[in-house]
Amino acid sequence: MATPSLTTSPDMAVAQEHRGRRRGRETRAALLFLMPNIIGFVVFTSLPVLAAFVLSFLDWDFMLGANFVGLDNYRQLIFQDRTFHKVLGNTAFYVVLNVAGNISLALLLALALNRKMRGVLVYRTVFFLPVVSTMVAVAVVWRWMYSTEFGLINFFLDMFGLAKVPWLTSTEYPMLAIIIMSIWKGVGYNMVIFLAGLQGIPTHLYEAASIDGAGGWRKFWSITLPMLSPTTFFVVVMAVIHSFQVFDQAMIMTEGGPADATNTIVLYIYQTGFQFFKMGYAAAIAWFLFALIFIFTIVQWRLQGEWVHYE
Amino acid sequence: MSPEDKRLNRRDFLRTTLGAGALVAGSAALAACASPAASPASTAAPKAAETAKPVAAATQAPAPSKQPVELSWIWTSNTAEEQKFWEGQAAGFRTKYPNVTVKPQFLGGNDLYNKIQTLASGGTIPDIIFWNGSRVQSWASRKMALSLEPFIKRDNFDLADFDPQISKALSYKGELYGLAYDYGAPVVAFNMDLFDATGVPYPTADWTWADFLAIAQKLTKDTNGDGKTDQWGFVNHTDFFRGFVSWIWSNGGDYVNDDITKCVLDSPETAEAIQFVADLRVKHKVNPPIETGYTSGAEAFYSGKVGMYIDGPWMALNNRAKAKFNWDFALIPKGKAGRKNWISGTGYAIGRTTKYPEEAWAFCKELTSVETLSALATAGRGFPGRKSASNSYLKVKPPVHPEVAIEAVKSATYQKTTATFQEMNNVLNKAVDRVMLGEIKAAQMVKDVMPEMDDLMKKHLQLINA
């Protein structure tokens, strides 16, 4: 063939090389801009996480030197430590109820506030306000409200002739109390994400459905829910990850008590490492938690094909 | 290879780096021809890293350094007022040692202990640390502070003015590690207005457990006639060491033996005492249920709906600020073994890794001088560690009878703790929680916790004999 192909034309080759060089430059520039974050992530996250993995095979007092103990920490954790088993159960209870409660309430609120009405911005702000409040302050106030004999909540229950609930002074109710508080605190965040999701659904779908004679309920099931599913997926994954790491509420409201009724995995890591001088063991629990969250997230990722619809 | 060989020894590491650091500092100083031979900064550092007795060889106090020195000071403070108070306590030192910059860091509650432990794990213990009786065994066995004995011997420092029991509480293996600023034994704080309104006479000096219960029962009532109790006789401190030990001792029981080698919790006397406190809530219902927490009992007391609360005399400062009623102190009631109070308190200690042991020691002395502690007592921040300052505590009212705090320490012995204190405290708190909730009898509980307690005692012995 006499006609040279386009790609081998000397002009084009130069242009391509030029483009390639530019792309290289762009990559370098991008990396440079990302550097502060990458360095921060490596130094403050990756390295400590890896160090914790090494630590989890040691018996380290952090003042008196360390012994290599192999898998002993993990063995004790899984087969012997009754406190850890209790803490695991408490955390699972929290994850299930907090995720379910938070997401269903957030969706309801988003639906209610996703329309034109007077003062809608005020409502949205009010529901979002707890999200931006400090957990410590919120937990202290709720602790007072939950007080069995001196608290506001039981005062109202009592006023309506209902029995006082031992919110934080029994082994049955404190976890529930913490979940209720956490839902109140966190629901606004997911509400905002759902609102954004709802506003991204094209209105012509609803118009078409109306023309076909679909009612409100039908439109919700057949349009809103499926169209919202990518948002729901994101919200569920994030909520599960966050819920597994519950800490502040339990720490401040009950210090994990009474009798470990509200002790959670992260609180137990904190106690074990920073109070009991058992850094190696604490690192093992932390890695166990990491594995747990990782598995849950992978499973959710795999399952998304079943129910998440992308346009 | 034995496990010993595999140890990654932090001390060796510190020794090497500190030694190297001192070398660099030393040669730099030489180069500058500053003749720093007398400077404790360059001479004491390697010693501090090598041995526990940094100044044992010196026979007299070296001249105070003139070169700029910075001391880090980690301390307790729960409020802005308290922080101002502590800053004021250090003012005298700043005047006397203008070349020393004191850098305080204040933290409240348990955060303070956790922060100190975390800093220690990073090898940067502050120069002056908060040395509370509860943490002494745990921290001294982990070599977080310097023994004060070499300083005391060299300076002929007179300890007679400090209560021997609090000095014992701040000592590890017979060596003093902290100079006490305050100490105290539990006393009953009672709401005089509530007693008056209910027509109950104030507690007397020789009241017994039976009297205590009878008074608590009289104070417990339904004031508005809706059929529900809205006023209580007593509220407990939920912490085992604060809320239960004096009851246990006054009943002839104990939690560890006097050598601190064995847990002795499973005795009938101990169980009976714990059950007595629990029954105040579970059976007699004179104690309102409160959430687990260090301040829960005090908060309930400040609500004005509870007649009595038991804690140390250091609560006077907070009582004055938060109790909107008249209140006073009374001695705790006598049990069948008499009135057996515990003593605990806090001192100033020198962080193990300090580069300025001389300045730190001067700070400890100055902050526990008679003048400083008199100011502390007048402010009501604590019952002073020095006997000669204790009269200042009597000057401030309420309480109507501050001398009760002095009387209380007379019948008191130091609170025994272990090198595994934090874990032991956690186990015991959880155990008494269950008894207080009525889920389990104390007699069963003391048996249930024994295996765990025995393990922690074993670990304690390993730590202190290491």
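**Close-up views of chains A and B**

**View 1. A salt bridge within helix α23 of chain B, formed by B:Asp455 and B:Lys458.** With a relative accessibility of 48%, B:Asp455 counts as partly exposed, because that value falls between the cut-offs of 20% for buried and 50% for exposed. Here, as in every view that follows, the structure is a predicted model. The partner, B:Lys458, has a relative accessible area of 53% and is exposed. In the salt bridge between B:Asp455 and B:Lys458 the closest N and O atoms are 4.0 Å apart. Both residues belong to helix α23 of chain B (residues 450-465), and because they are three residues apart they are separated by about one helical turn. In general, an α-helix has 3.6 residues a turn, so residues three or four places apart point the same way.

**View 2. A salt bridge between B:Lys96 and B:Glu366.** The side chains of these two residues meet with an N to O distance of 2.9 Å. The pair links distant parts of the chain, since B:Lys96 sits in helix α5 (residues 91-96) of chain B and B:Glu366 in helix α17 (residues 357-367) of chain B, 270 residues apart. The two ends of the pair fall into separate accessibility classes: B:Lys96 is exposed at 54% relative accessibility, whereas B:Glu366 is buried at 14%. Elsewhere in chain B, a network of salt bridges links B:Arg154, B:Asp155, B:Glu358 and B:Lys365.

**View 3. Helix α11 of chain B and its buried face.** Within this helix, which runs over residues 209-219, the buried residues are B:Trp209, B:Phe212, B:Leu213, B:Ile215, B:Ala216 and B:Leu219. Viewed along the axis of α11(B), these buried residues fall within an arc of 165°, and they therefore line one face of the helix. On the face turned away from the buried side, α11(B) carries the exposed residues B:Ala210 and B:Lys218. The elements of chain B that cover the buried residues include the helices α10 (192-198), α13 (245-250) and α14 (268-282), together with the strands β8 (232-235) and β9 (306-311).

**View 4. B:Gln275 in helix α14 of chain B.** This glutamine has a relative accessibility of 15% and counts as buried, because the cut-off for that class is under 20%. Apart from its neighbours within four places in sequence, B:Gln275 is in contact with B:Val435, B:Lys441 and B:Ala442. One of these partners, B:Val435, is 160 residues away from B:Gln275 in sequence, although the two C-alpha atoms are 7.3 Å apart in space. For the chain as a whole, among contacts with a separation of 6 or more, 75% are between residues 24 or more positions apart. Chain B has 23 helices and 13 strands, and of its 466 residues 58% are buried.

**View 5. The interface of chain A and chain B, where 35 residues of chain A are in contact with 46 residues of chain B.** The two chains bury about 3500 Å² between them, and 54% of this area is on carbon and sulfur atoms. A:Met63, A:Leu64 and A:Phe150 supply 19% of the area that chain A buries against chain B, more than any other three residues. Across this interface there are nine residue pairs in polar contact, counted where both residues have pLDDT 80 or more. On the side of chain A that touches chain B, at least two residues each come from β1 (58-60), β2 (66-68), α5 (135-146) and α11 (265-275) of chain A. The element that gives the most to this side is α11(A), with four residues. By class, the side of chain A that touches chain B has 16 nonpolar, twelve polar and seven charged residues.

**View 6. A salt bridge across the interface, between A:Asp158 and B:Lys228.** Between chain A and chain B the count is six salt bridges, while over all chains it comes to 23. A:Asp158 lies in helix α6 (residues 152-159) of chain A and B:Lys228 in the loop between α11 and β8 of chain B, so this pair joins two chains. The closest N and O atoms of A:Asp158 and B:Lys228 are 2.6 Å apart. At 35% relative accessibility, B:Lys228 counts as partly exposed.

Technical notes:
Residues numbered from 1 in each chain as written. Chains lettered and ligands numbered in written order. Predicted model: local features only at pLDDT ≥ 70, side-chain atom pairs only at ≥ 80, totals over all residues. Heavy atoms only, no water. Buried < 20%, exposed > 50% of the residue type's maximum accessible area, 1.4 Å probe, protein only. Arc of directions from axis to C-beta. Contact = heavy atoms within 4.5 Å. Buried area = accessible area lost by both parts, 1.4 Å probe. Polar contact = N/O pair within 3.5 Å; in protein donor to acceptor, adjacent residues only side chain to side chain. Nonpolar A, V, L, I, M, F, W, Y, C, P; charged D, E, K, R; others polar.
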